[in-house]
Number of protein chains: 2
Amino acid sequence: MNLNIPDTRQQVLAQRLDQGSQLIAQELALEFDVSLDTIRRDILALEAEGKARRVRGGAVPIAKPVSPMLERLSSGHGVNQAIIDATLAHVSDVPTLLVDGGTTTLAIITQLPKLDQRLVITPSPWIAIAAQERGSDVHLLGGSLSTSGGITTGNTTLSSINDIAVDVALLGVCGLDADFGLSADDHAEMHMKQAMHRAANSTIIATEKSKLGTKARHRTLHIAQIDLIITDANPDMIKPFEQSLAKIELV
Amino acid sequence: MNLNIPDTRQQVLAQRLDQGSQLIAQELALEFDVSLDTIRRDILALEAEGKARRVRGGAVPIAKPVSPMLERLSSGHGVNQAIIDATLAHVSDVPTLLVDGGTTTLAIITQLPKLDQRLVITPSPWIAIAAQERGSDVHLLGGSLSTSGGITTGNTTLSSINDIAVDVALLGVCGLDADFGLSADDHAEMHMKQAMHRAANSTIIATEKSKLGTKARHRTLHIAQIDLIITDANPDMIKPFEQSLAKIELV
DNA sequence: CAGGATTTTGCAATATTTTGCAGGATTATG
DNA sequence: CATAATCCTGCAAAATATTGCAAAATCCTG
């Protein structure tokens with residue numbers, strides 16, 4: 001048997017909370033053979049550490065943060081309509097599209113005009129669903145679903161993407177800097193975006209001005225490798241980009 | 001034992017509303033073993049938070065402007081809660097789950113308890129998203145997205161599924177007949193379900209009674225190949241199945 | 001080891017929350 | 001209009017929280 005001191009008990013309780021179980025004061029008092037008050041104090045301590053949410057009768061795990069993707073999707077789409085329209089003008093007639101994940105690309109794909117015989121290839125389940133609803137044929141690239149960006153990654157994904165060739169790759173952006181180039185938050189996502197670029201004849205990027213000038217952790221593409229950048233930035237914000245080869249379209 | 005306090009109940013109720021189910025005060029009073037008044041107060045509280053629209057006899061979901069894709073994602077609509085609970089009892093602790101597409105399986109996965117280190121493998125982008133929401137690691141099987149069932153199919157999918165071994169496969173149902181067995185609408189889906197069955201140690205099926213006794217186009221599995229069938233059918237509906245080897249759980 | 005400080009624990013008195021119930025008002029339904 | 005179901009209101013009982021306090025255990029120091 002363990003030491004029956006606040007420290008040990010609270011450790012056990014914290015572990016159970018992590019595991020998702022609820023703490024019921026009455027039961028715990030019996031289990032640890034202490035009074036209700038003592039358990040109550042333990043829970044009080046856990047709450048102070050932010051490890052528990054106290055409720056009448058015990059405690060429950062801290063409410064989990066919902067995924068950022070679902071969050072944004074359900075709470076109004078903050079994607080600039082002008083960006084969407086400008087991008088659609090470039091991709092609407094493309095018969096084979098390779099589409100990255102992300103809120104911007106998702107917003108674009110949900111407004112893709114219906115077209116017979118279009119094929120959308122994507123590592124993102126969100127994009128896959130949206131594209132299918134717009135009547136496209138969809139090829140979903142398999143792999144492990146990364147928590148950060150919501151796209152599949154991994155060796156199997158990479159190898160399958162290396163076997164395809166498409167007209168246009170539409171990439172999402174974590175950071176975009178004139179010198180540092182396009183960057184990604186995650187190492188696995190970086191490889192995915194690079195592979196998508198290689199598989200496509202031309203690479204298009206649509207991004208909001210807030211991403212301009214920012215750098216994410218992993219350098220992914222040089223600006224020169226990008227064929228077209230579509231953004232809602234002010235003219236002076238894109239000055240650093242002008243000497244590069246990328247074509248920039250302001251909306 | 002669960003905490004039966006306003007906080008917990010209201011959380012459950014809110015979740016059901018999100019799924020599109022309507023709340024019936026009488027039923028809930030029985031389910032939670034409290035008086036009608038208590039449920040009424042819970043609903044009152046939900047209404048105050050803007051999470052429910054109160055109607056005579058219970059409450060209905062707030063009409064929320066969701067994209068069609070989200071709508072389908074949260075459409076546990078019409079799936080019998082008892083089936084979900086019974087299935088969860090079998091799969092909650094399984095560390096590696098292979099999950100087919102379909103509204104029933106989707107409703108189940110959206111209620112999967114959080115568990116560290118669970119891996120969900122699926123050919124369905126909807127399941128993938130739902131599983132990720134619930135904190136699971138997700139491996140998405142790539143391939144062409146079939147329009148009928150919403151799962152990926154094709155040779156690449158089949159070959160990748162042949163390389164895996166899991167504890168439990170949770171399959172959806174198009175038709176289920178005592179003689180004809182489990183059947184699928186689509187030829188490609190048939191192959192997928194068969195492959196999923198082969199990859200798993202045990203095969204579980206959850207289905208509503210409306211599917212019982214019906215045959216879809218393509219015979220997929222014999223009843224004897226199924227380890228467990230969970231359904232809300234009446235006892236006399238499953239008589240034809242009794243001579244088979246499959247274990248049947250009525251809810 | 002003695003003696004004092006600190007922590008932990010259980011208890012009692014007092015709030016607070018939650019619950020079920022009784023009654024009368026209101027609404028659906030034939 | 002009559003009837004049944006559901007709703008609102010106030011209230012009292014039960015469960016749980018909070019607070020203050022004192023006894024016990026433990027730790028610390030010389």
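User: What makes up the surface near DNA strand D, by class?

Analyst: In this predicted model, that surface has two nonpolar, five polar and eight charged residues. In all, 15 residues surround DNA strand D, and the closest are A:Arg40, A:Arg56, A:Gly57, B:Arg40 and B:Gly57. Arg falls in the charged class and Gly in the polar one, so none of those five residues is counted as nonpolar.

User: Which elements supply that surface?

Analyst: At least two residues each come from H3 and strand S2 (53–55) of chain A, and from H3 and strand S2 (52–55) of chain B.

User: Why is the approach of B:Arg40 to DNA strand D called a polar contact?

Analyst: An N or O atom in the B:Arg40 side chain is 2.3 Å from a phosphate oxygen of DNA strand D. The cut-off for a pair of N or O atoms is 3.5 Å, so the B:Arg40 pair qualifies. Chain A has its own cases: the side chain of A:Arg54 puts an N or O atom 2.8 Å from a phosphate oxygen of DNA strand D, and for A:Gln26 the distance is 3.0 Å. Both values are within 3.5 Å, so they pass too.

User: What share of the DNA strand D atoms within 4 Å of the protein is sugar or phosphate?

Analyst: It's 69%, with the rest belonging to bases.

User: And DNA strand C: which residues come nearest?

Analyst: Of the 18 around it, A:Thr38, A:Arg41, B:Ser35, B:Thr38 and B:Arg41. On the DNA side, sugar and phosphate make up 58% of the DNA strand C atoms that come within 4 Å of the protein.

User: What makes the B:Arg56 distance to DNA strand C count as a polar contact?

Analyst: A polar side-chain atom of B:Arg56 lies 3.3 Å from a base oxygen of DNA strand C. Set that against the 3.5 Å limit and it is inside, so the label holds. A:Arg41 also goes for a base oxygen of that strand, at 2.6 Å, while A:Thr38 has a polar side-chain atom 2.5 Å from a phosphate oxygen. The elements giving two or more residues to this surface are helix H1 (6–18) and helix H3 (36–48) of chain A, plus H1 and helix H3 (36–48) of chain B.

User: Let's go to the protein–protein side. Why is the pair B:Asp7 and A:Arg53 called a salt bridge?

Analyst: Their side chains meet at 3.2 Å, N to O. The rule wants a Lys or Arg nitrogen within 4 Å of an Asp or Glu carboxyl oxygen, so this pair fits. The rule finds one salt bridge across the interface. There are also seven residue pairs in polar contact between chain B and chain A.

User: What does chain B bring to that interface?

Analyst: Helix H1 (6–18), helix H4 (68–73), helix H7 (125–133), strand S6 (137–140) and strand S7 (143–145) each supply at least two residues. H7(B) has the largest share, six residues. By class, the chain B side has 15 nonpolar, 12 polar and four charged residues.

User: How do you know that S6(B) and strand S7 of chain A pair?

Analyst: The test asks for at least two bridges, and these strands have two, so they pair, in the antiparallel sense. In S6(B), B:Leu140 is the bridge partner of A:Gly143.

User: How much area do the chains bury?

Analyst: About 2900 Å² between them, 61% of it on carbon and sulfur atoms. Contacts involve 31 residues of chain B and 36 of chain A.

Terms used
Residues are numbered from 1 along each chain as its sequence is written. Chains are lettered from A and ligands numbered from 1 in the order in which they are written. This is a predicted model: local features need pLDDT of at least 70, side-chain atom pairs count only at pLDDT 80 or more; totals for chains, interfaces and linings use all residues. Side-chain values use heavy atoms; hydrogens and water are left out. Contact means heavy atoms within 4.5 Å. Buried area is the accessible area (1.4 Å probe) that two parts lose on being put together, summed over both. A polar contact is a pair of N or O atoms within 3.5 Å; within protein, one must be able to donate a hydrogen and the other to accept it, and residues adjacent in sequence count only if both atoms are side-chain atoms. Helices (H or I, at least four residues) and strands (E, at least two) are DSSP runs, numbered from the N terminus. A residue is near a molecule or strand if one of its heavy atoms lies within 4 Å of it.
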